[in-house]
Amino acid sequence: MRPLILCRERLGRIRRVLERYGGTATMRDLWRSHTIYAWEIEQAAELGWLTITPRKPRIGRPSRVVEFCGLTNAKFPAPRWSMEKEISIRHWWFALRSVGESVKHGMRRWGLPGIVSAYINTYHPRSRNGAYASTSRLLKRPDVRAARQWFYAQCGKELPPGEEMPRTASGIQKRLRELGNRRADYY
């Protein structure tokens, strides 16, 4: 599973919910009533905004109590707009299939280019014309272009064996440049 990162907006939401509860609440209440995940609370505690204390009653279920520490010298997480989005799984599959179709087959049967065939296999569009238009739109996305460059480098055996692909477009370009790969310049 991909690691999730707490953003400034989610931290503000946690703070507002805890203020409604008077500054303390259990993790179970936050999850059930407000869909605040445990990983968000734990990351906010690591930054110094919250404290998590276990509470073990004599009878019953133990719980973890979350308390807001107040405005201390804690670090703010990055705002959501500054975080780069990861490549979606469908874009990843399209990039992988399009490179595979281009390297192995070229043109598919019925006169479809391999890249349109990859789009059809990934997204299952209703019409062939829509597939052509959406394919050209998808190829202009920077994350798809970066993923395709990575897969081309993988097919050409230009990467070390077992090299894991980064999850963002800038991460892919940075890693290709570090490896001295010529494909990083075609971005």
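This note goes through selected features of a predicted model.

1. **Salt bridges overall.** The whole structure contains eight salt bridges. Three of them are taken up in the points below, and they involve R10 and E40, R182 and E158, and R183 and E158. Side chains of opposite charge can pair when their charged atoms come close.

2. **R10 and E40.** These side chains form a salt bridge, 2.4 Å from N to O. The partners come from distant parts of the chain: R10 sits in helix α1 and E40 in helix α3, 30 residues apart. Their surroundings deserve a look. E40 has a relative accessibility of 1% and counts as buried. R10, at 22%, is partly exposed. The cut-off for buried is under 20%.

3. **The buried side of α3.** Helix α3 runs over residues 38-47, and E40, I41 and A44 are buried in it. Why do they fall on the same side of α3? They cover an arc of only 95° around the axis, which puts them on one and the same side of the helix. The general geometry is familiar: an α-helix has 3.6 residues a turn, so residues three or four places apart point the same way.

4. **What covers α3.** The cover over the buried residues of α3 includes two helices, α1 (8-20) and α2 (27-34). It also includes two strands, β2 (50-55) and β3 (63-68). Helix α1 thus appears twice: as part of this cover, and as the helix that holds R10, the partner of E40.

5. **After α3.** G48 follows α3. Its phi is positive, near 100°.

6. **The E158 network.** E158, R182 and R183 are linked in a network of salt bridges. R182 meets E158 at 3.3 Å, N to O. R182 lies in the segment after α8, and E158 in the loop between α7 and α8, so this pair ties together parts that are 24 residues apart in sequence. R183 meets E158 at 3.1 Å, N to O. R183 is also in the segment after α8, so its pairing with E158 ties together parts that are 25 residues apart in sequence.

7. **Exposure within the network.** Which members of the network are buried and which are partly exposed? R183 counts as buried, at 14% relative accessibility. R182 is partly exposed, at 46%. E158 is partly exposed too, with a relative accessible area of 28%.

8. **K157.** K157 lies in the loop between α7 (142-155) and α8 (169-178). Phi of K157 is positive, near 55°, and the residue is not a glycine. K157 is exposed, at 72% relative accessibility. The loop between α7 and α8 also holds E158 of the salt-bridge network.

9. **H124.** Phi of H124 is likewise positive, near 55°, again in a residue other than glycine. H124 is found in the loop between α5 (114-123) and α6 (128-138). Is H124 buried or exposed? H124 is exposed, with a relative accessible area of 61%.

10. **H91.** This histidine is in helix α4, residues 89-104. At 13% relative accessibility, H91 is buried. Its side chain makes a polar contact of 3.3 Å with the side chain of D143. Leaving aside residues up to four places away in sequence, H91 touches Y123, L138, R141, D143 and V144. D143 therefore figures both in the polar contact and among the residues touched, with H91 itself counting as buried.

11. **Cysteines.** How many disulfides are there in the whole structure? The search finds zero. For C7, distance gives the reason. The closest cysteine sulfur to that of C7 is in C69, 19 Å away, which is too far for a bond. A disulfide would need the sulfur atoms within 2.5 Å. C7 is buried, at 4% relative accessibility. C155, in contrast, is partly exposed, with a relative accessible area of 43%.

Methods
Residues numbered from 1 in each chain as written. Predicted model: local features only at pLDDT ≥ 70, side-chain atom pairs only at ≥ 80, totals over all residues. Heavy atoms only, no water. Helix = DSSP H or I, 4+ residues; strand = E, 2+ residues; numbered from the N terminus. Buried < 20%, exposed > 50% of the residue type's maximum accessible area, 1.4 Å probe, protein only. Polar contact = N/O pair within 3.5 Å; in protein donor to acceptor, adjacent residues only side chain to side chain. Contact = heavy atoms within 4.5 Å. Arc of directions from axis to C-beta. Salt bridge = Lys/Arg side-chain N within 4 Å of Asp/Glu carboxyl O.
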